[in-house]
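This briefing takes up selected parts of the structure shown below, grouped by topic. Please read it with the sequence and the coordinates at hand.

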Amino acid sequence: MNRRNYQRELDEILCGISQTGSEQTLFLHCCCAPCSSYVLEYLSGYFRLILFFYNPNITEAAEYEKRKAELKRLVREKPFPGPIEFADADYEDKLFFEKTKGLEREPECGRRCFVCYEMRLRKTAQMAVEAGAAYFCTTLSISPHKNADKLMEIGEALADEYGISYLPSDFKKKNGYKRSIELSREYDLYRQNYCGCIYSRGTAEQNNRGEAGR
């Protein structure tokens with residue numbers, strides 16, 4: 001079975017937008033400023049972007065607000081070719097724990113993460129429809145620790161459910177992750193070594209202890 005080439009699919013969509021010159025809105029879920037940096041640089045010339053910072057998995061309200069503020073700082077300080085707006089969301093950490101109950105011992109990149117993907121993408125799809133966007137998507141696939149196939153599977157299922165298109169993407173392609181590291185250094189973006197939830201933080205701390213003990 002041949003694996004889909006999400007980058008080729010995205011290129012075809014972007015080429016069509018360039019040829020028609022039509023402005024379309026992309027409702028983009030953003031997990032953090034570092035991961036968003038390349039994606040905004042890449043897509044803002046094609047879409048009117050509405051950024052949606054919705055990450056109930058983040059461990060504490062202070063961390064949530066810090067990551068959101070850093071995303072807004074990036075948009076203020078870096079010139080982008082197209083318009084960028086923000087859509088706000090409440091911090092719903094209790095919902096994350098409700099949705100992932102019983103999956104506490106799952107490994108990173110396992111079923112708990114897939115539930116988290118679905119929770120964030122579902123809210124994004126709902127808000128995208130309310131905003132009248134043509135597409136919705138997430139920056140999550142830029143991370144080498146995120147499963148782009150699973151994100152596409154969930155995104156397209158929600159697209160069918162809500163009647164809106166999910167933008168095909170694997171933002172690791174075209175050296176996207178490498179560029180995000182460069183932009184993070186250039187703008188001195190706040191980075192963490194874990195995705196956001198208490199479980200990923202625990203895994204990162206355990207790995208750090210292991211490295212220190214070598």
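Ser 36, leaving aside its neighbours within four places in sequence, is in contact with Cys 30, Cys 31, Leu 71 and Thr 139. The model is a predicted one, and in it Ser 36 lies in helix α2, where its relative accessible area is 0% and it is therefore counted as buried. The points below go from this helix to the sheet, then to a pair of helices, and finally to some individual residues.

**Helix α2 and its surroundings**

- Ten of the eleven residues of α2 are buried, so the helix is largely enclosed by the rest of the structure.
- Ser 36 belongs to this buried set, which also includes Ala 33, Pro 34, Cys 35 and Ser 37, and which continues through Tyr 38, Val 39, Leu 40, Tyr 42 and Leu 43.
- The elements against which the buried residues of α2 pack are the helices α1 (6-20), α3 and α7 (176-186), together with the strands β1, β2 and β3.

**The sheet and its order**

- The sheet is open and consists of five strands, which follow one another in the order β3-β2-β1-β4-β5 with parallel pairing.
- Because β3 and β5 (165-166) stand at the edges and have a single partner strand each, one side of each is left without a neighbour in the sheet.
- Strand β2 (residues 47-52) is mostly covered, with five of its six residues buried.
- Six bridges connect strand β1 (residues 24-29) with β2 in the parallel sense, and within this pairing Leu 28 has Leu 51 of β2 as its bridge partner.
- Between these two strands the chain passes through helix α2 (residues 33-43), and the resulting β-α-β crossover from β1 to β2 is right-handed.
- On its way to strand β3 (residues 84-87), β2 is joined by four bridges, again with the strands running parallel, and here Phe 52 stands opposite Ala 87 of β3.
- A right-handed β-α-β unit is likewise made by β2, helix α3 (residues 61-77) and β3.

**Strand β4 and its two partners**

- Strand β4 (residues 135-138) pairs with β1 in the parallel sense over four bridges; Phe 27 has Phe 136 as its bridge partner in β4, while Leu 28 stands opposite Cys 137.
- With β5, β4 shares two bridges and a parallel course, and Tyr 135 stands opposite Ser 165 in β5.
- In a regular strand the side chains alternate between the two faces of the sheet.
- In β4, Tyr 135 and Cys 137 point one way whereas Phe 136 and Thr 138 point the other way, and all of these residues are buried.

**The packing of α5 and α6**

- The axes of helix α5 (residues 111-131) and helix α6 (residues 148-162) come within 9 Å of each other and cross at roughly 35°, and the crossing is right-handed.
- From α5 the contact draws on Phe 114, Tyr 117, Glu 118, Leu 121, Arg 122, Ala 125, Gln 126 and Val 129, which meet Lys 150, Leu 151, Ile 154, Gly 155, Leu 158, Glu 161 and Tyr 162 of α6.
- By character, the residues of this contact divide into nine nonpolar, two polar and four charged.

**Individual residues**

- Asp 170, placed in the loop between β5 and α7, has a relative accessible area of 4% and so counts as buried, the cut-off being under 20%.
- Not counting residues up to four places away in sequence, Asp 170 touches Arg 3, Tyr 6, Gln 7, Ser 141 and Ala 148.
- Asp 170 and Asp 149 are separated by 21 residues in sequence and by 8.4 Å in space, taken from C-alpha to C-alpha.
- Lys 78 has its place in the loop between α3 and β3, and at 11% relative accessibility this lysine counts as buried.
- Apart from neighbours within four places in sequence, Lys 78 is in contact with Glu 41, Leu 183 and Tyr 187.
- Cys 15, found in helix α1, is partly exposed, with a relative accessible area of 38%.
- Cys 15 and Lys 146 are 131 residues apart in sequence, and their C-alpha atoms are 26 Å apart in space.

Technical notes: Residues are numbered from 1 along each chain as its sequence is written. This is a predicted model: local features need pLDDT of at least 70, side-chain atom pairs count only at pLDDT 80 or more; totals for chains, interfaces and linings use all residues. Side-chain values use heavy atoms; hydrogens and water are left out. Axes are lines fitted to C-alpha atoms, for helices over the stretch in contact, and angles run from 0 to 180 degrees between N-to-C directions. A crossing is left-handed if the near helix is turned anticlockwise from the far one by less than a right angle, and right-handed if clockwise. Contact means heavy atoms within 4.5 Å. Ala, Val, Leu, Ile, Met, Phe, Trp, Tyr, Cys and Pro count as nonpolar, Asp, Glu, Lys and Arg as charged, and the others, Gly among them, as polar. Buried means under 20% relative accessible area, exposed over 50%, partly exposed in between (1.4 Å probe, protein chains only). Two strands pair if DSSP finds at least two bridges between them. A crossover is right-handed if, with the strands pointing away from the viewer, the path from the first strand over the helix to the second runs clockwise.
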